[in-house]
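Thanks for coming. I will go through one structure today, starting with empty space and then moving to the packing around it. Please have a look at it first.

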Amino acid sequence: MTIYRTLTTAARALRRNVMRSILTTLGIIIGVAAVIAMMDIGNGSASAIAKTVASMGANNLLVFPGMAASGGVSFGAGSNVTLTPQDCQAVADECPAIKAAAPVVRARVQIVYSGRNWVPQTVIGSTPDYLVVRDWNNLTAGDIFTDADVRNAAKVCVIGHTIATQLFPNEDPVGKELRVKNIPFKILGVLSVKGSNMMGSDQDDILLAPWTTIKFRVSGTSSSVANQSASTVSSSINTLKNPYPANTTSLYPSRDTLQANDSPVSVRFINIDQIVAAASSTEEIPLAIKQMTQLLRERHHLRDDYPDDFQVANLTEFTNALSSTTVMMTRLLLAVAAISLVVGGVGIMNIMLVSVTERTREIGLRMAVGARTDDILWQFMIEAIILCMVGGIIGIALGLLTSFLVWYLLSWPTEISVGAIIAAIIVSASVGIIFGYYPAWKASKLDPIEALRYE
């Protein structure tokens, strides 16, 4: 009953001066509304920045072959033939932190169409998952090639906006044929505009085709040759104890070790230039690197004391840029929020002090008829908390309305922040307690006799 009576008394006191109560809460309303609107706009901008940076490869991982050396002479990074398409498939299937992976075969060639020619910055052979890795799922026209085209080494491709502009200025390129090293390629689609990356390279100057087509038809370096019998050498090579297969009942008996060494067969070892993979998120990049490294070492049968025969690189500059931008924006919003709420809190303290001065005789009268110090303290504390909570609720509604209007009228990206709404309610109550305590304490410490004499 005491709490109920205190709430009733506080609410009645606030209703006596409605206009002053509204003006008192105005600072909290504006502060909370500014915080909510800025947090929504900030979250929308951060999400847009994250998508933009992700499309440039913030969560991409690149796996390169290792370094080859002979006689103490190093041939440079990527000179060792170690990566295979099967490695790429294993990374995609067996690494939970990897969203998608695609093999990459590169070439530097000239393309020709109807008297026009162009040398793209990037000619890539890959699979349809390459667009998933690069977050490039939208095409301006047409469609991407399929896995069946990759298996059949089909002479098809998709091109970027720059190539479409240079070779097809006044016509639709979809369905046309361009020539790559005198090989006809049918254009299946045109990629959406992506623009330049952070290093200034034109990402739209690209021709993307099945990696088998680029590997076997364009680049001309289809494989490396290995001696199959080199891995099957045994102690029975120079002996006549077992010159013929032991199982003579088979229709097509397999060759034994001696026969394999007498007539070795060359085996085609198909390699790729690199593997591109996308981590599930930027936070899981270290885990994805660890999983990829462990898997590739197992597949390449490397002992624990052997170094990696591959290199894993991640685009840390993009990730650092995203992190620094997000942190800076968050700090800016927190600073603005703190200033706005402090200003609103000071306004509430000022008005509550004025209210204590105006109601000095009322306070003295209540004390004279039996009100305790705690009753007076809680009455003014509850008045301050009610003012702040009402101001906070109105500010939240006004902030959400402002962010909606910004999205609707200015087409700026916004994203509702539930955490900011909860924080605004908590902070509003905290401001009421912090800035309402001193006026309430001052009111509770008044002497009843002096308060009754106050004019």
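A definition before the first number: a pocket here is an open set of grid points, on a 1 Å grid, with protein on both sides within 12 Å along at least five of seven lines. Its volume is the space filled by probe spheres set on those points. Please also keep in mind that this is a predicted model.

With that, the second largest pocket comes out at about 240 Å³. Its lining consists of 13 residues, and those nearest the centre are Pro85, Gln89, Pro103, Thr127 and Trp211. Which elements supply at least two residues each to that lining? They are α3, residues 85–94, then β4, and α5, residues 147–151. Of these, α3 gives the largest share, five residues. Sorted by class, the lining of this second largest pocket has seven nonpolar, two polar and four charged residues.

Now the enclosed space. Searching the whole structure for cavities of 30 Å³ or more turns up one. The volume of this largest cavity is about 90 Å³. Its lining is made of Ala13, Leu14, Asn17, Arg20, Ser21, Thr24, Ile351, Met352, Ser355, Arg359, Glu383 and Leu387. Four elements give two or more residues to it: α1 (2–16), α2 (18–55), α10 (316–358) and α12 (373–410). By class, the cavity lining has five nonpolar, four polar and three charged residues.

On to the cores. The largest nonpolar core has 63 residues, and the members touching the most others are Ile98, Tyr130, Ile159, Leu178 and Leu207. Strand β4, residues 98–107, contributes seven residues to this core, the largest share. A second core, separate from that one, has 25 residues, including Val32, Met352, Phe380 and Ala420. Met352 has come up before, in the lining of the largest cavity.

What does Leu178 touch, once residues up to four places away in sequence are left out? The list is Ile111, Val112, Tyr113, Ile159, Leu167, Phe168, Ile183, Pro184, Phe185, Ile187 and Leu207. Two of those, Ile159 and Leu207, are also on the list of core members that touch the most others.

Ile159 takes us to strand β9, residues 156–159. Is each face of β9 covered or open? Both are covered: Val156 and Val158 on one side, Cys157 and Ile159 on the other, and all four are buried. As for its neighbours, β9 runs parallel to β11, residues 183–191, and four bridges join the two. Within that pairing, Cys157 is opposite Ile187 of β11. With β12, residues 206–210, β9 pairs in the antiparallel sense, over two bridges. There, Val158 has Leu208 as its bridge partner.

Last, two backbone points. Ala153, in the loop between α5 and β9, has a positive phi of about 50 degrees, though it is not a glycine. Asn182, also not a glycine, has a positive phi of about 65 degrees. Asn182 sits in the loop between β10, residues 177–180, and β11. Which of the two is buried, and which exposed? Ala153 has a relative accessibility of 12%, so it counts as buried, the cut-off being under 20%. Asn182 is exposed, because its relative accessible area is 59% and the cut-off for exposed is over 50%.

That is where I stop.

Terms used. Residues numbered from 1 in each chain as written. Predicted model: local features only at pLDDT ≥ 70, side-chain atom pairs only at ≥ 80, totals over all residues. Heavy atoms only, no water. 1 Å grid on protein atoms, 1.4 Å probe; cavity = no way out; pocket = protein on both sides within 12 Å on 5 of 7 lines; lining within 4 Å. Nonpolar A, V, L, I, M, F, W, Y, C, P; charged D, E, K, R; others polar. Core = buried A, V, L, I, M, F, W, Y, C linked by side-chain atoms within 4.5 Å. Buried < 20%, exposed > 50% of the residue type's maximum accessible area, 1.4 Å probe, protein only. Contact = heavy atoms within 4.5 Å. Pairing = 2+ DSSP bridges.
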